[in-house]
Amino acid sequence: MPVDPAIPLRAWGGELHWFHELDSTNRYALDAAASGAPAWFVVAADHQTAGRGRLGRVWQAPSGSSLLASVLLRPTGVEPARRPVLGVAGALAAAEAVEATTGVVAALKWPNDLVVGERKLGGVLAEARGDALVIGVGVNVEWSEVPPELEGIATACNLEGGRPVQRRALLAELLVRLRDRVDDLDRTLRDHRYRLATLGRRVRVERADGDLIGRAVDVDHFAQLLVEVESGCVVEVAAGDVVHLRDAR
Ligand code: BTN
């Protein structure tokens, strides 16, 4: 199994497996968890043939263009209802790592999208099996151009920062920050608010049980988005897609 010597392994105290190609790094990490792999086991790939996105979508990226990595956690001290905060930790660590290594300031769109303006730079998919939680992170790192069908919808670090980006350096930075973020979930939620472009915005939340329109007023202890609707009620949203709307003041 290939271990990349270029990453300082002791920086986050785990083991790294970097593949040229996998179906999905999340699938691999979940299977490794079931076989007893320890917390902070990390798997990355240059290319995924069946990358998974949120809400059952696929996540596709040309080979070598993206950071595609999954981190196995065993958060036994975190109550199950609070596990979504670990996904927030992943998104915040990724945004901080992008800023530190590329200079690109990525905001977050609830729940865990990295965005520049309204264009998506990356995303996080957290998946659980038993007491294991896998945080999968995809970041668009090095694109030659924006494909026409993603014009205005997606972007990449090199296009925003104008300089080449090393995926391995980005991963190393992300892992060190993730360790910190996972260690203090209350602070993570506090800091998350400063990066969360969704807060204060009028939003449409597309949920399995119907759309909701209102203003995003806060994120609670469980990483749920709190949306104030026209009647003045505040609705807790645990899952869905957020669209930032133009303000109708
Ligand atoms: C999203 O839909 O925004 C989340 C995308 C998460 C994609 C990453 S790429 C690495 C990891 N492995 C997967 O199969 N998915 C996640």
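The following questions and answers explain how several terms apply to this predicted model.

The model is predicted, so local features need pLDDT of at least 70 and side-chain atom pairs count only at pLDDT 80 or more, while totals for chains, interfaces and linings use all residues. Residues are numbered from 1 along each chain as its sequence is written, and side-chain values use heavy atoms, with hydrogens and water left out.

Q: Why is Ser24 called buried?
A: Buried means under 20% relative accessible area, exposed means over 50%, and partly exposed lies in between (1.4 Å probe, protein chains only). Ser24 has 2% relative accessibility, and therefore counts as buried. Ser24 lies in the loop between strand S1 (15-22) and H1; helices (H or I, at least four residues) and strands (E, at least two) are DSSP runs, numbered from the N terminus.

Q: What makes the approach of the side chain of Ser24 to the backbone nitrogen of Arg27 a polar contact?
A: A polar contact is a pair of N or O atoms within 3.5 Å; within protein, one must be able to donate a hydrogen and the other to accept it, and residues adjacent in sequence count only if both atoms are side-chain atoms. The side chain of Ser24 reaches the backbone nitrogen of Arg27 at 3.1 Å.

Q: Which residues are closest to the ligand, and how many surround it?
A: A residue is near a molecule if one of its heavy atoms lies within 4 Å of it. The ligand is surrounded by 20 residues, and the closest are Ser24, Thr25, Arg52, Arg54 and Lys120. Strand S6 (119-129) is among the elements that supply at least two residues of this shell, and S6 gives the most, with 4 residues.

Q: How do you know which polar contacts the ligand has with Arg52, Gln48 and Asn26?
A: The distances are set against the limit of 3.5 Å. A nitrogen atom of the ligand lies 2.7 Å from a backbone N or O atom of Arg52. For Gln48, an N or O atom of the side chain is 2.9 Å from a ligand nitrogen. For Asn26, a backbone N or O atom is 3.4 Å from a nitrogen of the ligand. On its own the ligand has 420 Å² of accessible area, and the protein covers 98% of this.

Q: What is the make-up of the shell around the ligand by class?
A: The shell has 6 nonpolar, 10 polar and 4 charged residues. Here Ala, Val, Leu, Ile, Met, Phe, Trp, Tyr, Cys and Pro count as nonpolar, Asp, Glu, Lys and Arg as charged, and the others, Gly among them, as polar.

Q: Why is Leu114 described as buried or exposed?
A: Leu114, found in strand S5 (residues 113-116), has a relative accessible area of 0%, and is therefore buried.

Q: Why is His221 placed in its accessibility class?
A: The relative accessible area of His221 is 38%, so this residue is partly exposed. His221 is found in the loop between strand S9 (210-219) and strand S10 (225-228).

Q: What makes the phi of Trp40 and of Ala223 notable?
A: Most residues other than glycine have a negative phi. Trp40, which is not a glycine, has a positive phi of about 70 degrees. Ala223 also has a positive phi, near 70 degrees. Trp40 is buried because its relative accessible area is 9%, and Ala223 is buried because its relative accessibility is 8%.

Q: Where is the cis peptide bond from Trp110?
A: The bond runs from Trp110 to Pro111, with omega near 5 degrees. Most peptide bonds are trans. Pro111 lies in the loop between strand S4 (107-109) and S5.

Technical notes. Accessible areas come from the Shrake-Rupley method with a 1.4 Å probe; for residues, only the protein chains shown count as cover.
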